[in-house]
Amino acid sequence: MLEVKGIYKSFGEASVLKGIDATFEPGKTSLIIGQSGSGKTVFLKTLLGLHIPDKGTISYDGQTTESMTIEEKRQLKQDLGMVFQGSALFDSLTVEENVMFPLKMFTNQSKSEMLDRVDFVLKRVNLKDSNHKFPAELSGGMQKRVAIARAIVTNPKYLFCDEPNSGLDPRTSIVIDNLIQEITDEYQITTVINTHDMNSVMEIGEKIIFLKDGLKEWEGTSNDIFKTDNEAVVSFVYSSNLFKKVRKVYLEE
Amino acid sequence: MNYIKSIGAYTIMLKSVFKKPQKRKIFWEAVFREIDDLGVKSIGIVAFISFFIGGVVAIQTALNLEDPIIPKDLIGFATKRSMILEFSSTFVMVILAGKVGSYITSSIGTMRVTEQIDALEVMGINSLNYLVLPKILATVFFYPFLVLLAMFLGIFGGWVAGIATDLFKPGDYIAGIQLDFEPYLVAYSLIKSVVFAFLIATIPSYFGYYVKGGSLEVGRASTKAVVWTIVVIIFSNYFLTQMLLS
Ligand SMILES: Nc1ncnc2c1ncn2[C@@H]1O[C@H](COP(=O)(O)OP(=O)(O)OP(=O)(O)O)[C@@H](O)[C@H]1O
Ligand SMILES: [Mg+2]
């Protein structure tokens, strides 16, 4: 369980997060939606400790990050997996070395144990025969899958994905979305995803948080999103004609 | 004002760099990768430049010594001195600052703008320690060998130039090399190279690590890093020479 209370974050003059509360539960895929520049990435990075909030608390399993000792923080990092917006694979390492990296950092497994685990997660994300390639030799969708494999290789309790399907075709997007949801369910992970993708919202949004101007404007499920009359949500989600029609049909039924 | 701020930030960076590595295995892998990238891959250019500059210095000296009263072994002596004192350390290090410095800034800067540094931090790694300390170890231990190589090949290049041009006799040249050998001068050059190696590893790292923006900024940061590394090398060369030779 991940709880966020009253998070503020600004960079110089610009305040990006202005008091956000949220709760994320195990086994559930929660989505953060909002316009480009609304602070989704900053929010996620703050949860991970990459940005220190100006105010507010973040608690993992009931313990605030502020009250953790260095050793507890290290322990926590082992439980966190992150898929960055641009994949953030290490260019100088092969796919296999990339995925093995967290294992080397956090465990004392032997090389063959690590290789087994790497093979297992690469299969899990449907990537075969790419172990010895470098990230630059892979397509965007394959890179995303390697990034997911690297994020889940240590069996994290928390998984964060920053726009896991930006720049992917609709079909690959759905494959990635379903993959994340399956893993979340299978290992009871607390998963938080940033996205602009309305397909994802409809497909896997068990909980949706809409950010606007640094605040949580709306929260609900993918069913609620059809019914809501919150103007900001409606104008954001139903900005395309296709979704306007989908909504119309849904409301008529 | 900005300069003082940067020097402060650079010093603070060094504090994080000099921490105990968290995982020895990951750290040593990085060290060996850096020795290869920053050191071994520079052997070629250093060898090429030293050999030919040594030849040119010998030829220039020979051409300027028309007067028959000046002993012919001066050519070998002058080539040796200039190779050992300035060329092998300062000149070679300035070239490495260009080659290796821009590589360091662009590789760390790219890691910054593509969130690879964030990814390291999420995995609980002190990214400054992991990225910069191996570079320092690789350059500080490897570059003195490059300097020795440059000395040797430069002097050798002078000898080859004598044979190729017939401007001076190889025997005289060798006598000149053997004349008045001072080991302290070699040590002086090696000490300088250690200091310069440290600068080459750390100044470009600083520029790369704190870059903000995208690939354009990474390119700009690389240029700046090379300029500043060379400026600081030339300055410290001046002070080190005063300290060590006077
Ligand atoms: N390190 C930083 N320093 C200064 N400002 C920042 C920093 N990171 C983000 N910002 C600012 O915070 C705001 C929110 O950025 P953020 O990256 O969180 O948006 P986002 O919702 O993730 O957008 P997108 O959907 O395009 O990824 C932007 O105005 C951005 O300029
Ligand atoms: Mg973002």
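How far does a polar side-chain atom of Lys40(A) lie from an oxygen atom of ligand 1, and what is the distance? In this predicted model, the answer is 2.8 Å. Lys40(A) isn't on its own here: a polar side-chain atom of Thr41(A) sits 2.6 Å from an oxygen atom of ligand 1, and one from Glu163(A) lies 3.0 Å from an oxygen atom of the ligand. Taken alone, ligand 1 would expose 640 Å², and the protein buries 62% of that.

Now for the rest of the neighbourhood. There are 13 residues around ligand 1, and those that come nearest are Ser36(A), Gly37(A), Lys40(A), Thr41(A) and Val42(A). Sorted by class, the shell holds eight polar, three nonpolar and two charged residues. Helix 1 of chain A, running over residues 40-48, gives the most to this shell, with three residues.

Over in chain B, helix 6 is worth a walk from end to end. At its N-terminal end, Asn126(B) acts as a cap, with a side-chain oxygen 3.2 Å from the backbone nitrogen of Leu128(B). Further along, helix 6 has a kink of about 30° at Phe142(B), shortly before the proline Pro144(B). After the helix comes Asp166(B), with a positive phi near 65°.

Does the length of helix 6 add up, or what should its 39 residues span? Helix 6 covers residues 127-165 of chain B, so at 1.5 Å a residue it should span 57 Å. Its end C-alpha atoms are 54 Å apart, which agrees.

Notes. Residues are numbered from 1 along each chain as its sequence is written. Chains are lettered from A and ligands numbered from 1 in the order in which they are written. This is a predicted model: local features need pLDDT of at least 70, side-chain atom pairs count only at pLDDT 80 or more; totals for chains, interfaces and linings use all residues. Side-chain values use heavy atoms; hydrogens and water are left out. Helices (H or I, at least four residues) and strands (E, at least two) are DSSP runs, numbered from the N terminus. The expected span of a helix is 1.5 Å times one less than its number of residues. The bend at a residue is the angle between axes fitted to the seven residues ending there and the seven starting there. A polar contact is a pair of N or O atoms within 3.5 Å; within protein, one must be able to donate a hydrogen and the other to accept it, and residues adjacent in sequence count only if both atoms are side-chain atoms. A residue is near a molecule or strand if one of its heavy atoms lies within 4 Å of it. Accessible areas come from the Shrake-Rupley method with a 1.4 Å probe; for residues, only the protein chains shown count as cover. Ala, Val, Leu, Ile, Met, Phe, Trp, Tyr, Cys and Pro count as nonpolar, Asp, Glu, Lys and Arg as charged, and the others, Gly among them, as polar.
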